[in-house]
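Please report on the strands, salt bridges, turns and internal space of this model.

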Amino acid sequence: MVSSASEEAGIGKSLEGVSKGQQMENGTPLTSPPYWDSDDDGGPKPVELYGKYTWKIDKFSQINKRELRSNAFEVGGYKWYILIYPQGCDVCSHLSLFLCVASHDKLLPGWNHFALFTIGVVNKDPKKSKYSGEFIRHCLCEGLLGSLLSHYYAVANFSADTLHRFWKKEHDWGWKKFMELYKVVDGFVDSDTLIITAQVQVIRERADRPFHCLDFQYRRELVRVYLTNVEKICHHFVEEQRGKLGKFIGDKARWPSFCAFWLGIDQNSRRRMSREKSDQILKLLVKNFFIEKEVTSTLVMDSLYSGLKALVDQTNGKTGKRKHLDAEEQTVPIVSMENDMFVLVDDVLLLLERAVLEPFPPKDEKGPQNHTNDDTSGEDTNRDSIQHDERHLTELGRQTIEIFVFAHIFSKIEAAYEEVVALKKLAELSTEEAV
């Protein structure tokens with residue numbers, strides 16, 4: 001048995017002749033929309049933490065080993081390998097596939113890193129190739145939720161794009177039932193050669209602020225599938241917060257009392273209560289929206305990262321990067337940033353009504369579109385679609401952050417109001433007892 005491998009690790013090796021920071025789709029150079037591929041904290045960019053690997057296994061029919069490992073390949077500064085069980089791992093009649101950290105026994109205590117990855121087995125007919133997440137992606141794209149749920153209950157170990165935290169005790173992750181063995185010989189083994197591919201995105205997470213997760217190409221694949229999910233996450237959060245704020249305004253007893261409380265405070269105190277340290281809020285933002293094991297979390301983080309950049313530039317008067325937003329997506333801000341502070345841009349009473357009533361970026365009814373690049377017109381359409389999707393995600397992220405910040409600041413103002421009300425009631429009770 002002879003095995004061979006070819007490696008594509010990082011943009012410089014996988015796309016010869018393309019300058020650093022330039023991206024490709026179907027061989028066509030693309031320029032990402034603003035914010036998405038910038039990173040100003042001095043660390044490696046997602047494009048430098050992304051890689052592809054192809055493993056060709058010759059004389060596949062002659063393999064009599066229980067397991068087989070690929071050569072080690074490097075992505076994101078770490079060594080990885082693909083592990084397969086030709087006859088199944090603890091299961092019968094299935095091909096098992098796993099992504100593993102190389103030399104895991106030498107990892108230092110505390111070593112851990114998130115990685116988003118997809119593994120595939122190549123068919124001689126590319127359209128029939130089997131990729132992790134293939135069935136789920138199809139169901140999500142076609143809106144076949146019922147099929148997805150029935151598949152979930154029928155197959156406990158189903159395939160999906162996978163976000164996993166690799167560490168010393170969980171140094172491998174994958175699928176025991178990747179595909180049934182009888183299907184492997186149906187076009188997957190060509191001239192007794194099986195080809196397995198992997199794409200890996202190492203994620204440099206941060207706990208203190210939204211972080212940039214995804215290489216352009218990988219993000220594009222996820223946008224095609226998970227854009228609707230990201231919209232639902234953002235819309236659900238915003239509508240939930242608006243519901244709470246709207247209920248407060250609609251309380252005929254509390255609202256007039258709160259207005260009197262707020263207007264009775266001196267201007268300096270109101271200004272002080274209308275701002276909050278950005279680092280405290282951003283930590284809470286990451287904790288709320290980055291959910292381990294949830295693939296969509298990576299796209300949500302990219303959306304919030306881009307939205308935060310847009311908010312900073314908006315505060316600094318740099319509107320050029322937002323001028324191409326669709327008209328319905330442009331809104332007047334309710335939050336700005338001053339140095340290391342989030343600040344409400346107007347009086348809290350006015351902003352409360354705006355936060356409750358102003359429209360959120362509408363859901364993209366058409367959804368992300370798959371376009372062919374058969375001609376120049378097709379390439380232009382594809383580029384426009386990509387930029388539209390990512391501008392839409394930027395605006396979703398920006399307004400989600402604004403509502404998150406506003407709700408956080410208002411909760412502290414409300415707490416101060418409740419404390420005053422409680423003290424007033426206590427004083428009244430003491431007066432009554434004294435009488």
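Strand E17 (residues 341–344) has two faces: Met-341 and Val-343 point one way, Phe-342 and Leu-344 the other. Residues on both sides are buried, a word that stands for under 20% relative accessible area, with exposed meaning over 50% and partly exposed the range in between (1.4 Å probe, protein chains only). Strands here are DSSP runs of E with at least two residues, helices are runs of H or I with at least four, and both are numbered from the N terminus.

This is a predicted model, in which local features need pLDDT of at least 70 and side-chain atom pairs count only at pLDDT 80 or more, while totals for chains, interfaces and linings use all residues. Residues are numbered from 1 along each chain as its sequence is written, and side-chain values use heavy atoms, with hydrogens and water left out.

**Strand pairing**

E17 pairs with strand E15 (residues 275–277) and runs antiparallel to it, joined by three bridges. Pairing requires that DSSP finds at least two bridges between two strands. Arg-275 has Val-343 in E17 as its bridge partner. Strand E16 (residues 335–338) also pairs with E17, again in the antiparallel sense, over four bridges. Here Ser-336 stands opposite Val-343. E16 and E17 make a hairpin with two residues between them. Asn-339 sits in that turn and has a positive phi of about 55 degrees.

**Other positive phi values**

Most residues other than glycine have a negative phi. Ser-93 departs from this, with a positive phi near 65 degrees. Ser-93 lies in the loop between strand E7 (78–85) and strand E8 (94–101). Its relative accessibility is 47%, so Ser-93 counts as partly exposed. Ser-103 has a positive phi near 50 degrees. Ser-103 is placed in the loop between E8 and strand E9 (112–121). At 44% relative accessibility, Ser-103 is partly exposed.

**Salt bridges**

The count comes to 20 salt bridges. Each is a side-chain nitrogen of Lys or Arg within 4 Å of a carboxyl oxygen of Asp or Glu. Three of the pairs are set out below, with their closest N and O atoms.

| Basic residue | Acidic residue | N to O distance |
|---|---|---|
| Lys-183 | Glu-180 | 3.4 Å |
| Arg-242 | Glu-239 | 3.6 Å |
| Lys-412 | Glu-276 | 3.0 Å |

How far apart in sequence are the parts that Lys-412 and Glu-276 tie together? Lys-412 lies in helix H11 and Glu-276 in strand E15, so the pair links parts 136 residues apart in sequence. Lys-412 is partly exposed at 42% relative accessibility, while Glu-276 is buried at 10%. Salt bridges with shared partners also join Arg-66, Asp-90 and Lys-176 into one network.

Arg-242 and Glu-239 are three residues apart in helix H5 (residues 216–250), so about one helical turn separates them. Arg-242 is buried, with a relative accessible area of 10%. Glu-239 is partly exposed at 44% relative accessibility.

Lys-183 and Glu-180 make a salt bridge too. Lys-183 is partly exposed, at 35% relative accessibility. Glu-180 is partly exposed, with a relative accessible area of 30%.

**A buried threonine**

Thr-298 is found in helix H9 (residues 296–315). Its relative accessibility is 0%, so Thr-298 counts as buried. A polar atom of the Thr-298 side chain lies 2.7 Å from the backbone oxygen of Val-295.

**Internal space**

Rolling a probe the size of a water molecule over the atoms shows where empty space is left. A cavity is a set of points, on a 1 Å grid over the protein atoms alone, where a 1.4 Å probe fits but cannot get out; lining residues have an atom within 4 Å of a point. Grid points are joined across faces, edges and corners, and a volume is the space filled by probe spheres set on the points.

How many cavities of 30 Å³ or more does a search of the whole structure find? The search finds two. The largest cavity holds about 100 Å³ of space. Its lining includes Arg-242, Arg-354, Glu-358, Phe-360 and Glu-402. Helix H10 (348–357) and helix H11 (376–434) each supply at least two lining residues. H11 gives the most, with three.

The lining of the largest cavity divides into six nonpolar, two polar and four charged residues. Nonpolar covers Ala, Val, Leu, Ile, Met, Phe, Trp, Tyr, Cys and Pro; charged covers Asp, Glu, Lys and Arg; the others, Gly among them, are polar.

Note on methods. 1 Å grid on protein atoms, 1.4 Å probe; cavity = no way out; pocket = protein on both sides within 12 Å on 5 of 7 lines; lining within 4 Å. Polar contact = N/O pair within 3.5 Å; in protein donor to acceptor, adjacent residues only side chain to side chain.
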